[in-house]
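Please open the structure in your viewer and keep the sequence panel visible. The tour proceeds by selections, and each stop says what is to be found there.

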Amino acid sequence: MSNFILVCPHCNQRNSFTVNSLSNSPLCPSCQKMAIDGTVVDVDAQTFLAMTQSPRPVVAIFWSDNCAPCKAFKPVVEKMAKQRSEKIRFIRINATKHQQLTQRFRLRGVPSVLAFKKGKQQSALHSGLQASAFSRWLDENVLKN
């Protein structure tokens with residue numbers, strides 16, 4: 001099974017994981033904290049493809065540095081990542097740096113949210129929402145599937 005590199009959101013160490021490790025809650029070998037669950041993980045195109053293979057639903061947020069709605073949506077996503085850490089994984093992709101992914105999924109604006117399970121796209125949201133509305137969207141479109 002192929003490996004992918006993930007930067008730990010806690011200690012910023014680059015670590016190698018296998019796609020099989022996504023069945024569990026992998027720990028960072030350096031700091032021993034959860035490397036994926038409970039936080040929003042910044043990924044590149046290669047890591048995106050590996051992470052979306054997870055048996056646990058993965059919510060991918062496409063964003064950009066110069067996007068005011070993205071900045072407003074960021075704390076909402078971080079809050080949901082903490083609250084939903086046992087059921088959903090959250091990843092963040094810079095749409096400007098990884099345009100091949102935005103083209104692949106035909107995204108025309110940011111923020112855009114795509115939900116995946118076992119590599120298959122389950123649903124999409126093409127705007128940021130307030131916390132209560134985003135929580136409802138997750139319940140209806142990610143956890144229900």
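## Cysteines, a helix and charged pairs

Select C8 to begin: this cysteine is buried, with a relative accessible area of 1%. Here buried means under 20% relative accessible area, exposed means over 50%, and partly exposed lies in between (1.4 Å probe, protein chains only). The model is a predicted one, in which local features need pLDDT of at least 70 and side-chain atom pairs count only at pLDDT 80 or more, while totals for chains, interfaces and linings use all residues. Residues are numbered from 1 along each chain as its sequence is written, and side-chain values use heavy atoms, with hydrogens and water left out.

Add C31 to the selection. The closest cysteine sulfur to that of C8 belongs to C31, at 3.7 Å, which is too far for a bond. C31 is partly exposed, at 26% relative accessibility.

Which cysteines does a disulfide join? Select C67 and C70, whose sulfur atoms are 2.4 Å apart and form a disulfide. The term denotes a pair of cysteine sulfur atoms within 2.5 Å, and by this rule the count is one. The torsion about the S-S bond of C67 and C70 is about 80°, so this disulfide is right-handed. Both C67 and C70 are buried.

Next, colour helix α4, which covers residues 131–143. Helices (H or I, at least four residues) and strands (E, at least two) are DSSP runs, numbered from the N terminus. Within α4, the residues F134, S135, W137, L138 and V142 are buried. An α-helix has 3.6 residues a turn, so residues three or four places apart point the same way. Now display the elements that cover the buried residues of α4, including β4 (58–63), α2 (68–83), β5 (89–94), β6 (112–117) and β7 (120–125).

Stay in helix α4 and select N141. N141 is partly exposed, with a relative accessible area of 24%. Add A124 as well: the C-alpha atoms of N141 and A124 are 8.4 Å apart in space, while the two residues are 17 residues apart in sequence.

Move to strand β6 and select S112. Is S112 buried or exposed? S112 is buried, with a relative accessible area of 0%. A polar atom of its side chain lies 2.6 Å from the backbone oxygen of G109. The side chain of S112 also makes a polar contact with the side chain of H126, at 3.4 Å. A polar contact is a pair of N or O atoms within 3.5 Å; within protein, one must be able to donate a hydrogen and the other to accept it, and residues adjacent in sequence count only if both atoms are side-chain atoms. Leaving aside residues up to four places away in sequence, S112 touches A60, I61, F62, L107, L125 and H126, where contact means heavy atoms within 4.5 Å.

Show the aromatic rings next; the structure holds eight aromatic pairs. The rings of F4 and F17 have their centres 6.2 Å apart and their planes at 35°, so this pair is tilted. Rings of Phe, Tyr and Trp (its six-membered ring) pair if their centres lie within 6.5 Å; planes under 30 degrees apart count as stacked, over 60 as edge-to-face and the rest as tilted. Both F4 and F17 are buried. Then select F48, F62, F105 and F116, which ring pairs link into a cluster.

The last stop concerns charged side chains. Side chains of opposite charge can pair when their charged atoms come close. A salt bridge is a side-chain nitrogen of Lys or Arg within 4 Å of a carboxyl oxygen of Asp or Glu, and by this rule there are three. Select R92 and D42, whose side chains meet in a salt bridge at 2.8 Å, N to O. This pair links R92 in strand β5 with D42 in strand β3 (residues 40–42), 50 residues apart. R92 is buried, with a relative accessible area of 12%, whereas D42 is partly exposed at 46%. Add E78, which meets R92 in a salt bridge at 3.9 Å, N to O. D42, E78 and R92 are thus linked in a network of salt bridges.

Finally, select R84 and D139, which form a salt bridge with their closest N and O atoms 2.9 Å apart. R84 lies in the loop between α2 and β5 and D139 in helix α4, so the pair ties together parts that are 55 residues apart in sequence. R84 is buried, with a relative accessible area of 12%, while D139 is partly exposed at 38%.
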